Amino acid sequence: MADNLVMEEREESMVSPTGSRPFLRSAHFLRPSVTSIAGPVAAPAPSLESPTPSAAKPKELSFKVNFLGWRIPQEKWKTWVDQMHSPHHSTWRKSGIYDAVVSSKCCIHRHQDLIFNLVDKWCPSTNTMVFPWGEATLTLEDAAVLGGFSVLGQSVLAPSPEDGKSQEVMQKLLDARSAICKTNAGNAEPYMWIAEFMGSGSEIEHEAFLAYWLSRFVFPFSGKNIIRRVFPISVRLARGTKIALGPAVLAGIYKSLTLLKVAVAAARMASAQSQDGDFKILASAPLALVQVWAWERFPSLRPRKPVCVGENEPRLARWSNSKKSNIEDILVKIDSAGEEFQWRPYTTTAGNAVLKMNYYKDGEYWAVVGSDMDEDLEGMVRFLRASELVGLEEDCIEQYLPHRVAMQFGMDQDLPGHVLRVNANADVAWRDYIRPIGDAKIYVPPRLFEADVTTRYFKWWRKMNLGRRKKNTWDGSVEEATKDEFVPPPPVQSTSSSSNEKGSCNKGSKRKYVESSWDYDSGDSLSDHGFEKTVPESSSMANHETNWSGGGGGGGGGDMSFEAHGFGLEERVKTIEKLCALLKSGKINLPLIQSVT
């Protein structure tokens, strides 16, 4: 569990994410952060880390993925959206789903190689993608801007309203579903649902429309059914009640990425040992958002230049109908993208996204936090604060750790601290998500500000990556990596005082250059220091974490402690490892997700 404070300000020695001459300035960090490299730093877990270049590519493996959540909108659905827009668009805006509903008309063609290259970078213990140049991930901001989903409002698990009218609508939806199931072998198939309600003039057509949208584009757990559990949500949305769909959708995306990670790992193990790894897996989250997230942030991976969109069009429309491009060496482009990666694409691109994120100004400022703050600011605080995300699927609770990717919000990056899990059940996790804000005011960076990292973070990340020169292969053996198997951060550039300034919008961030106390170009790695796993008996965290600690060595010297797994690491990682072993032995088979109703 994170505390109620979101951020902190302090003067630190900073460098650019890809290396520069150190400078002192007042910096702003998301909590919790660690101010000593010897402290309890929450490093990405080494379990299921990225494969070696010699490992089989996903398209060469013997497994199939059914992307249940990747929907290509049918013309009849587009027509229904247009029909419902005029009488109900004001309700959609009130309930915070306008962009999300309109986005369902967009067609995002799947680039499967790109998706699986990102899956290879996925770390299940942190819900982030781990690149040679840093961490990044889909955040609540991405769910709000790209998906159009609100991060405020009631839980998706809240029951339907208890008033008589709402209960009557609920019963009519259930009766309609039962009637369709009786005539179609127990399935309430979407095409029959749309035939029943589209243009019918039924008094529950709007609720039925929203139930279709939720079942097909938001929570597509079943490819053949309009699912019952979305009915309470559709009833509330139809009455203008705001529902926090954003955290629920993001939880589903995290879960599906972890599931794909497991599938690829299991298939590689089977392939390496010449075993039968032919199985199928169901990915039920709207993973098109992952692909668009990559297009927004990796310019070299884009199929084309994004189109400009109008003020009333959703951000996703920039990429609608983009054809799959034949991009070669995707992994190389991803691993070498430290310089080009767009940490804040939504504030630098002209169009409606900038206008809607009106809490970002040309200059920095401190916003007062209180019960009367506007929803835009409250939503931004949700973006920035570590919490638990509650999904609609059973037992879907995922940890959200924005302090690991602070630069995506224009905040500076320091060593990420531990966040204890608060996931005993969905109610407890939801209370963690909506807990009070402890800050009296929140720092809002300039719209075009480019954040930096502390010198200790830069050093820590480089050493951690170099330490992976000895790494586990997918068949369980250990091999010495060659120089070609690791792409280090770009070489440090010699910069002058004037070339390091970031423009007039970087107010309040004057830099004072200082002499570095360590060598940026040090080639030391953890393996060079002979690190061993130790758990200090005196530590209060002895039962929860594993430290990599070791003595002497050059290039930075002194004792250091690198945590490999993280404090309170969820049982999910252990489960993943056991699952891989079971898949390898043939004792269980996928799919891992069953259809729900």
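A contact here means heavy atoms within 4.5 Å. Of the contacts in the protein chain with a separation of 6 or more, 77% are between residues 24 or more positions apart.

The model is predicted, so local features need pLDDT of at least 70 and side-chain atom pairs count only at pLDDT 80 or more, while totals for chains, interfaces and linings use all residues. Residues are numbered from 1 along each chain as its sequence is written, and side-chain values use heavy atoms, with hydrogens and water left out.

**Whole chain**

Start with the full chain in cartoon. The protein chain has 17 helices and 20 strands; these are DSSP runs numbered from the N terminus, with helices being H or I of at least four residues and strands E of at least two. Switch to a surface: the accessible area is about 24400 Å², and carbon and sulfur atoms own 49% of that. Such areas come from the Shrake-Rupley method with a 1.4 Å probe, and for residues only the protein chains shown count as cover. Of the 597 residues, 58% are buried, where buried means under 20% relative accessible area, exposed over 50%, and partly exposed in between (1.4 Å probe, protein chains only).

**Strands 1, 2 and 14**

Select residues 7-15 and 23-30. These are strand 1 and strand 2, which pair in the antiparallel sense over eight bridges; two strands pair if DSSP finds at least two bridges between them. Arg10 stands opposite Ala27 of strand 2. Add residues 453-454, which form strand 14 and pair with strand 1, also in the antiparallel sense, over two bridges. Here Val15 has Val453 as its bridge partner.

Move to the end of strand 2 and show Arg31 and Pro32. The peptide bond between them is cis, with omega near 0°. Pro32 sits in the loop between strand 2 and strand 3 (33-34).

**Strands 5, 6 and 7**

Select 122-123 and 128-131 for strands 5 and 6, then add 134-136 for strand 7. The three strands form an open sheet in the order 5-6-7, with antiparallel pairing. Strands 5 and 7 stand at the edges with a single partner strand each, so one side of each has no neighbour in the sheet. Strand 6 is joined to strand 7 by three bridges, and Met129 has Ala136 in strand 7 as its bridge partner.

**Two residues with positive phi**

Most residues other than glycine have a negative phi. Select Asn127, in the loop between strand 5 and strand 6: its phi is positive, at about 55°. Asn127 is buried, with a relative accessible area of 1%. Next select Asp395, in the loop between strand 10 (387-390) and strand 11 (397-400). Its phi is also positive, near 60°, but Asp395 is exposed, at 72% relative accessibility.

**Ile334 and Ser234**

Which residues does Ile334 touch, not counting those up to four places away in sequence? Select Asn117, Leu118, Lys121, Phe131, Trp133, Phe298 and Leu301 to see them. Ile334 belongs to helix 11 (residues 330-335) and is buried at 0% relative accessibility. Draw a distance from its C-alpha atom to that of Leu118: the separation is 8.5 Å, though the two residues are 216 apart along the chain.

Ser234, in helix 8 (residues 231-238), is buried at 0% relative accessibility. Leaving out residues up to four places away in sequence, Ser234 touches Leu173, Glu207, Leu210, Ala211 and Leu214.

**Helix 10 and the largest cavity**

Select Ala288 to Arg297 in helix 10. Here 10 of the 10 residues are buried, so helix 10 is largely enclosed by the rest of the structure. Among the buried residues are Trp293, Trp295, Glu296 and Arg297.

Finish inside the protein. On a 1 Å grid over the protein atoms alone, a cavity is a set of points where a 1.4 Å probe fits but cannot get out, and lining residues have an atom within 4 Å of a point. Grid points are joined across faces, edges and corners, and a volume is the space filled by probe spheres set on the points. There are 10 cavities of 30 Å³ or more, and the largest holds about 250 Å³ of space.

Centre the view on Ser103, Ser104, Phe217, Pro286 and Leu316, which among the 18 lining residues of the largest cavity lie nearest its centre. Helix 2 (98-103), helix 7 (205-218) and helix 10 (288-297) each supply at least two residues of that lining, and helix 7 gives the most, with three. Colour the lining by type to see 13 nonpolar, four polar and one charged residue. Ala, Val, Leu, Ile, Met, Phe, Trp, Tyr, Cys and Pro count as nonpolar, Asp, Glu, Lys and Arg as charged, and the others, Gly among them, as polar.

Key:
1 Å grid on protein atoms, 1.4 Å probe; cavity = no way out; pocket = protein on both sides within 12 Å on 5 of 7 lines; lining within 4 Å.
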